[in-house]
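Let's take a walk through this structure together. We'll begin with what surrounds the ligand and then move on to a single arginine.

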Amino acid sequence: MPDAVAANAANPHLAQYNARGLAGRIFSGVQPTGNLHLGNYLGAIRNFVRFQSSYDCIFCVVDQHAITVWQDPKELTNQTREITAAFLAAGIDAKTHIIFNQSLVPAHAQLAWVFNCVARMGWMSRMTQFKEKAGKDRENVSLGLFAYPSLMAADILAYKATHVPVGEDQKQHLELTRDIAIKFNNDFAVPDFFPITEPLIQGAATRVMSLRDGTKKMSKSDPSDYSRINLTDDSDTIAQKIRKAKTDPLPMPDSEAEAEKRPEAANLLDIYAALIDAERADIVASFAGQQFSAFKNALTEVAVAKLGPIGAEMQRLMKDPAYVDSVLRNGGERARAIAEPILAEVYRTVGFLKP
Ligand code: TRP
């Protein structure tokens with residue numbers, strides 16, 4: 001028996017999915033804070049779309065995580081709809097899988113409280129994202145920001161998800177999720193109650209950098225809108241941003257080694273490769289020695305072809321908030337049907353009296 005299959009056979013959590021020809025259950029969350037951009041698409045959403053054929057998928061707009069830092073209420077509502085629109089426009093099937101916003105399912109917050117009492121102060125204090133976000137202002141950040149990873153563990157384990165697609169920056173939070181699952185299973189002597197969730201690390205090839213600085217990640221918080229391509233940008237805006245993207249005065253690199261030394265060139269090559277699902281080496285070969293402007297024209301063409309339809313569909317969906325909300329409500333209902341019995345078992349295990 002191959003190792004992976006042997007491991008699966010020994011893992012009771014995977015058996016039910018394997019029996020249906022699936023590899024497991026995925027849970028992933030996206031925060032409704034700020035516009036979605038090309039980095040979110042290539043680094044996360046596009047992969048979500050691909051996972052649909054081999055996993056049972058639950059995609060969550062994590063509004064409760066969002067408010068760990070201040071959010072304007074109206075903006076929060078809009079952004080929640082926008083992420084949902086992006087999921088749908090990119091091709092996530094909300095009938096076969098589940099799309100919902102976190103606050104629709106009380107089990108997340110309820111399980112998070114139990115996990116707050118399982119996780120240790122020391123574990124949480126070691127979270128690098130908290131240390132970065134809190135910075136020198138540790139006394140003034142919300143308690144929620146500190147407890148953030150505990151809620152994330154609850155998101156995942158309320159559905160006993162077996163796999164979580166995560167970027168590098170969320171690896172530590174997923175490890176904490178595993179630690180919480182192990183400690184809960186041990187403390188209450190319920191071996192195998194929670195699965196030890198596996199990360200599905202998103203490839204480095206899909207790390208999209210700023211169009212203004214090839215050494216910085218493309219980010220919603222960059223003050224310059226020219227640093228990123230937003231999913232809702234129209235064709236003209238995409239073309240203009242690529243035309244203005246920072247480059248160096250040299251012609252296109254003629255080897256990968258040379259591209260490595262030129263971060264802006266490497267980034268644009270990576271974006272091109274990711275958009276057409278090719279290897280960077282192939283793109284380097286086809287444009288080697290050419291003028292940057294020729295490459296930028298070609299990049300604009302593929303970017304507009306891939307992103308244009310998604311942006312247009314998002315715009316259309318954003319004009320129909322009642323429909324978007326109905327997708328979330330339906331997803332929320334189906335999510336509750338999964339999470340409630342699991343939470344009930346947790347409550348019983350902990351010794352809470354039944355209502
Ligand atoms: N912390 C994640 C991020 O900022 C979002 C998130 C919340 C998440 N809950 C999750 C991701 C559960 C994966 C699984 O990107």
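Start with α9, which gives the most to the shell around the ligand: four residues. Keep in mind as you look that this is a predicted model. The full set of residues around the ligand is F27, S28, G29, Q31, V62, H65, Y148, M152, D155, I156, V164 and Q170. Sort them by character and you get six nonpolar, five polar and one charged.

Now zoom in on the ligand's own atoms. One of its oxygen atoms is 3.3 Å from an N or O atom in the side chain of Q31. On the nitrogen side, the side chain of Q170 has an N or O atom 2.9 Å from a nitrogen atom of the ligand. Y148 has a similar story to tell: an N or O atom in its side chain is 2.6 Å from a ligand nitrogen. How much of the ligand does the protein bury? Taken alone, the ligand exposes 370 Å², and the protein buries 89% of that. As for the elements giving two or more residues to the shell, they are β1 (24–30) and α9 (143–157).

Next stop: R228. You'll find R228 in the loop between β5 (198–201) and α11 (235–244). Is R228 buried or exposed? R228 counts as buried because its relative accessibility is 8%, and the cut-off for buried is under 20%. So who are its contacts? Leaving out residues up to four places away in sequence, R228 touches H37, L211, M218, S219, K220, S221, D222, D233 and K241.

Methods:
Residues are numbered from 1 along each chain as its sequence is written. This is a predicted model: local features need pLDDT of at least 70, side-chain atom pairs count only at pLDDT 80 or more; totals for chains, interfaces and linings use all residues. Side-chain values use heavy atoms; hydrogens and water are left out. Buried means under 20% relative accessible area, exposed over 50%, partly exposed in between (1.4 Å probe, protein chains only). Contact means heavy atoms within 4.5 Å. A residue is near a molecule or strand if one of its heavy atoms lies within 4 Å of it. A polar contact is a pair of N or O atoms within 3.5 Å; within protein, one must be able to donate a hydrogen and the other to accept it, and residues adjacent in sequence count only if both atoms are side-chain atoms. Accessible areas come from the Shrake-Rupley method with a 1.4 Å probe; for residues, only the protein chains shown count as cover. Ala, Val, Leu, Ile, Met, Phe, Trp, Tyr, Cys and Pro count as nonpolar, Asp, Glu, Lys and Arg as charged, and the others, Gly among them, as polar.
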